[in-house]
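The following exercises are to be worked with the sequence and the model at hand. Each task is followed by a solution in steps.

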Amino acid sequence: MLRRAPRNDNPSCVVIRAAFVYNPSVERIRILGRNDLRLKGDVRISGSKNAVLPALAASLLTSEPVRLHNIPLVKDVFSMLKLMTELGLEYALEGTSLTLDVPKILSEEASYSLVKLMRASFLVLGPLLARFGKAIVAQPGGCAIGPRPVDLHIAGLQRLGANITFEHGYVKAEADRLQGADIRFEKKTVGGTEHLVMAAALARGETVLRNCAQEPEISNLCELLIKMGARIEGVGEETIRIVGVEQLGGADHEIIPDRIETGTFLVAGALTRGDIHLTGTEPSHILTTIEKLRYSGAVIDVEGKAIHVTGSAEIRPQDVTTSPYPGFPTDMQAQFMVLMTQAAGTSIITETIFDRRFQHVNELLRLGATIEVMGDKAVVHGRTPLSGAEVIATDLRASASLILAGLIASGETIVNDVEHIDRGYERIEEKLRGLGARIDRIRE
Ligand code: EPZ
């Protein structure tokens, strides 16, 4: 539904909201599952949520328009746009292309009421500070999947010369101009790497970032910044060098496909002995997941930017340990666990990135799975036919795993708290229905 939204009666800015309107009434997802379901057909993968969010923040670094293509129409994108509009962003959305413009700053403060909706909005701090010399951003609170401090972001910005104070749950940062520095991350952090690359792009002199995370979303951000005029070397590597420039310009940039949505549909194909053709993918970004799915018995053919998955009758157990890219992604852990509930034998899944990322286990037990959690390990005893039940989604990827489990559980599964799934999956029920699933959304 297209709707013109009034804003600051600023005639030069036309805000067009498309496709995503969240209905605050209670929404649940209902799945009529079958343990002999076979998903079949084509599905198009959307742009990457985790690539577009930092790219949106990067637009704060310039007064010229930044145009992004292949953006996912998911809730997190609209939360970020809402927050940035309060800072001074003007944007126009046409299909999956977004034009972003921050001609001037309206406010240097990002409020808790918006930051709490989505942690990645904390990434506006560095760009605001680098361009305008001042920023006040709410500290992101707790998260279902574990304590997610931003201490490495803060320590890095302080190394770049920012004067940072903490008041009433807000981070207040000031600096006339940031200064290049040599910074080693204590541990690999995706958000921390993205944050410092953006801040360093406008700093005086050279910044060297060591022990960087290497996720493809970071490389996509660096490519955008380079198009904006940033001087960056070592894109995709553990050491990134940035020579700051006086100012950055506009750019036209394509957001990479969502590798986690890709992985989720590959698991759906393997889980249902399906036959699915995924288009609009980037196979090179999801090699470890493809490898594990092949070991588990699925047949996966890569055809350029498309992937064809054919599930096998026999699913083999696999031990999996999550780790930073190019290791097995923690964002695929819950979905892969569902597949292992259908494997002929026992699998051990070790979660090394987040302390509390097994919350989906209790809900999978409600569907009839047999899983024991011991510290950072989940021991999955397969093969256990699942039966439908009412379950609660606790976070984005947990909700994806419950939907996958509901597909092969006999009878009806009701997934509550679906606002999580809308944060990162675009029209997931529609896409699954297109493959033969019986799934819909119920509103009360
Ligand atoms: C990004 O989160 C993703 N989010 C997450 O995806 C993903 O799970 C995560 O990277 C790991 O791959 C976005 O890109 C928006 P980190 P981020 O900083 O940047 C600790 C999804 O489902 N840490 O790499 O927040 C942290 O607690 C989401 O789409 C510090 O200790 O993750 C964690 O244990 C969920 N101090 C580890 O590092 C810091 O300052 C990795 O976190 C920063 C991080």
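**Exercise 1. Pairing around β23**

Determine which strands pair with β23 in this predicted model, and in which sense.

Solution. Begin with strand β22 (residues 370-374): five bridges join β22 to β23, and the two run antiparallel. Within this pair, Glu372 stands opposite Val379 of β23. The connection between β22 and β23 is a hairpin with two residues between the strands, and Gly375 in the turn has a positive phi of about 60°. Next, take strand β21 (residues 346-350), which pairs with β23 (residues 377-381) in the antiparallel sense, also over five bridges. Here Thr346 has His381 of β23 as its bridge partner.

**Exercise 2. An open sheet**

Establish the strand order of the open sheet of four strands and identify its edge strands.

Solution. The order is β8-β9-β11-β10, with mixed pairing. The edges are β8 (109-110) and β10 (163-167), each of which pairs on one side only. Turning to β10, its antiparallel partner is strand β11 (residues 170-174), joined to β10 by five bridges. Phe166 is found opposite Val171 in β11.

**Exercise 3. The ligand and its shell**

Describe the surroundings of the ligand: how many residues surround the ligand, and which are the closest?

Solution. First, count the shell: 23 residues surround the ligand, and the closest are Asp151, Thr189, Val190, Asp331 and Ile353. Second, sort the shell by character: ten residues are nonpolar, five polar and eight charged. Third, assign residues to helices. At least two shell residues come from each of α1 (49-58), α5 (151-159), α6 (190-200) and α12 (396-408). The largest share, three residues, is that of α5.

Fourth, examine individual polar contacts, for which the cut-off is 3.5 Å between N or O atoms. A nitrogen atom of the ligand lies 2.6 Å from an N or O atom in the side chain of Asp151. A polar side-chain atom of Lys49 is 3.0 Å from an oxygen atom of the ligand. At Pro149 a polar backbone atom takes part, 3.3 Å from an oxygen atom of the ligand. Finally, consider coverage: of the 830 Å² of accessible area that the ligand has on its own, the protein covers 86%.

**Exercise 4. Two enclosed helices**

Decide whether α6 and α10 are largely enclosed or open, given that buried means under 20% relative accessible area.

Solution. For α6, ten of the eleven residues are buried, so this helix is largely enclosed by the rest of the structure. Among the buried residues are Glu194, His195 and Met198. At the start of α6, a side-chain oxygen of Thr189 comes within 2.8 Å of the backbone nitrogen of Gly192. For helix α10 (residues 333-340), eight of the eight residues are buried, so α10 too is largely enclosed by the rest of the structure. Its buried residues include Gln333, Phe336 and Met340.

**Exercise 5. Backbone exceptions**

Locate the cis peptide bonds at Pro326 and Arg383 and the positive phi values at Asn70 and Asn211.

Solution. Start from the expectation that most residues other than glycine have a negative phi, and most peptide bonds are trans. Against this, a cis peptide bond joins Tyr325 and Pro326, with omega of about 10°. Pro326 sits in the loop between β20 (320-321) and α10. A cis bond also joins Gly382 and Arg383, where omega is about -15°. Arg383 belongs to the loop between β23 and β24 (390-392).

Now turn to phi. Asn70, although not a glycine, has a positive phi of about 60°. Asn70 lies in the loop between β5 (66-69) and α2 (75-87) and is buried, with a relative accessible area of 18%. In Asn211, phi is near 55°. Asn211 is placed in the loop between β13 (206-210) and α7 (216-227), and is buried at 17% relative accessible area.

**Exercise 6. Cysteines**

State how many disulfides the structure holds, and examine Cys212 and Cys222.

Solution. The structure holds zero disulfides. The cysteine sulfur nearest to that of Cys212 belongs to Cys222, 8.4 Å away. The cut-off for a disulfide is 2.5 Å, so this pair does not qualify. As to exposure, Cys212 is buried, with a relative accessible area of 0%, and Cys222 counts as buried at 1%.

Note on methods. Residues numbered from 1 in each chain as written. Predicted model: local features only at pLDDT ≥ 70, side-chain atom pairs only at ≥ 80, totals over all residues. Heavy atoms only, no water. Near = heavy atom within 4 Å. Polar contact = N/O pair within 3.5 Å; in protein donor to acceptor, adjacent residues only side chain to side chain. Areas by Shrake-Rupley, 256 points an atom, 1.4 Å probe, with all protein chains shown as cover. Nonpolar A, V, L, I, M, F, W, Y, C, P; charged D, E, K, R; others polar. Buried < 20%, exposed > 50% of the residue type's maximum accessible area, 1.4 Å probe, protein only. Pairing = 2+ DSSP bridges.
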